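Visitor: I should be grateful for a close look at one part of this protein. Please take the core of the chain as the subject, and set it in its surroundings.

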Amino acid sequence: MSFPLPRRHFAGLLLGAALAAAWPLTSRAAPLDDGLLQLQREWEVIQYQSPAAAREKQFEALAGKAHQFSESHPNASEPLVWEGIIVSSWAGAKGGLGALNLAKQAKALYEKAIQIDGNALDGSAYNSLGVLYYKVPGWPLGFGDKAKAAELLQKALALNPNGIDPNYFYAEYLVETQQPDKAVPYLDKVLQAPPRPGRQIADSGRREEARQLLAKVKPR
């Protein structure tokens, strides 16, 4: 038996929900930083430059790499966050019941990351988990919970108030919960956010998404 889970519920589960996972690399051990950067770069190429039809298989392969990496750094939060990002993106590319199973897997990864250090990567685990809570269907199909989403997204914003991603996803949450007027200042912040070193592809994509969303909530 299968449930009718439209792809739209999962498309863009993490069209970078934790793209806020940009971080200064001076304070971490080189092998950890190098591995995180590699996952980040491969994710960006798949998400923004690969054909849509190819992404599911590519994210599946990258999820395997991410899992091996997080297992090799069991006491670090950051690899779990990036594994969650990749698994969530895989869910977005996959759609259907399989996407729900992957979303649950990503949820567990974010929760484990928060247990280790929720403040890592400027609170990206809170942001990414919040996105899952408003993207995934609610009971009886899934664990979606708009109130829980708001709590997590606001926590991420408190940790990174000027970040491009926490502002974008809180704005998207406000639009999806029928509060479009409240979303405008957050989208403006996305467009004004300072660029992140090495994240030109991601920043460009996020700003374009913000412009499109702003055009919907604030038509000329």
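Guide: The account below begins with the chain as a whole, turns to the core, and then follows several individual residues and one helix. The model is a predicted one, and the remarks that follow should be read accordingly.

The chain has 9 helices and 0 strands. Read from the N terminus, its elements therefore run α-α-α-α-α-α-α-α-α, with no other kind of element in the series. Of its 220 residues, 53% count as buried. Among contacts with a separation of 6 or more, 66% are made by residues 24 or more positions apart. The chain exposes about 10,300 Å², and carbon and sulfur atoms supply 53% of that area.

The core itself comes next. In soluble globular proteins, nonpolar side chains tend to be buried together. In this model the largest nonpolar core holds 60 residues, and the members that touch the most others are W82, I86, L132, Y173 and L187. Helix α3 gives the most to this core, with 9 residues.

I86 may serve as an example of the packing. Once its neighbours within four places in sequence are set aside, I86 is in contact with L39, W43, F59, L62, A63 and A66.

Helix α3 comprises residues 78-94, and A91 lies within it. A91 counts as buried because its relative accessibility is 0%, where the cut-off for burial is under 20%. The C-alpha atoms of A91 and K104 are 9.7 Å apart in space, while the two residues are 13 residues apart in sequence.

A second residue that repays attention is L121, in helix α5, which covers residues 120-135. L121 has a relative accessible area of 6% and is therefore buried. Its C-alpha atom is separated by 8.5 Å from that of V81, although L121 and V81 are 40 residues apart along the chain.

The backbone of L121 also deserves comment. Most residues other than glycine have a negative phi, and most peptide bonds are trans. L121 is not a glycine, yet its phi is positive, at about 55°. Q178 likewise has a positive phi, near 60°, and is a residue other than glycine. Q178 is found in the loop between α7 (164-176) and α8 (180-192). With a relative accessible area of 67%, Q178 is exposed, whereas L121 is buried. As for the peptide bonds, a cis bond joins W139 and P140, with omega of about 10°. P140 has its place in the loop between α5 and α6, the latter spanning 146-159.

Finally, helix α8 shows how one element is set against others. It has 13 residues and reaches 19 Å from its first C-alpha to its last, close to the 18 Å expected at 1.5 Å a residue. An α-helix has 3.6 residues a turn, so residues three or four places apart point the same way. In α8, the buried residues include A183, V184, L187 and V190. What covers the buried residues of α8 includes α7 and α9, the latter spanning 200-217. L187 connects this helix with the earlier part of the account, since L187 is among the core residues that touch the most other members and is also buried in α8.

How values were computed: Residues are numbered from 1 along each chain as its sequence is written. This is a predicted model: local features need pLDDT of at least 70, side-chain atom pairs count only at pLDDT 80 or more; totals for chains, interfaces and linings use all residues. Side-chain values use heavy atoms; hydrogens and water are left out. Helices (H or I, at least four residues) and strands (E, at least two) are DSSP runs, numbered from the N terminus. Buried means under 20% relative accessible area, exposed over 50%, partly exposed in between (1.4 Å probe, protein chains only). A nonpolar core is a set of buried Ala, Val, Leu, Ile, Met, Phe, Trp, Tyr and Cys residues joined through side-chain atoms within 4.5 Å. Contact means heavy atoms within 4.5 Å. Accessible areas come from the Shrake-Rupley method with a 1.4 Å probe; for residues, only the protein chains shown count as cover. The expected span of a helix is 1.5 Å times one less than its number of residues.
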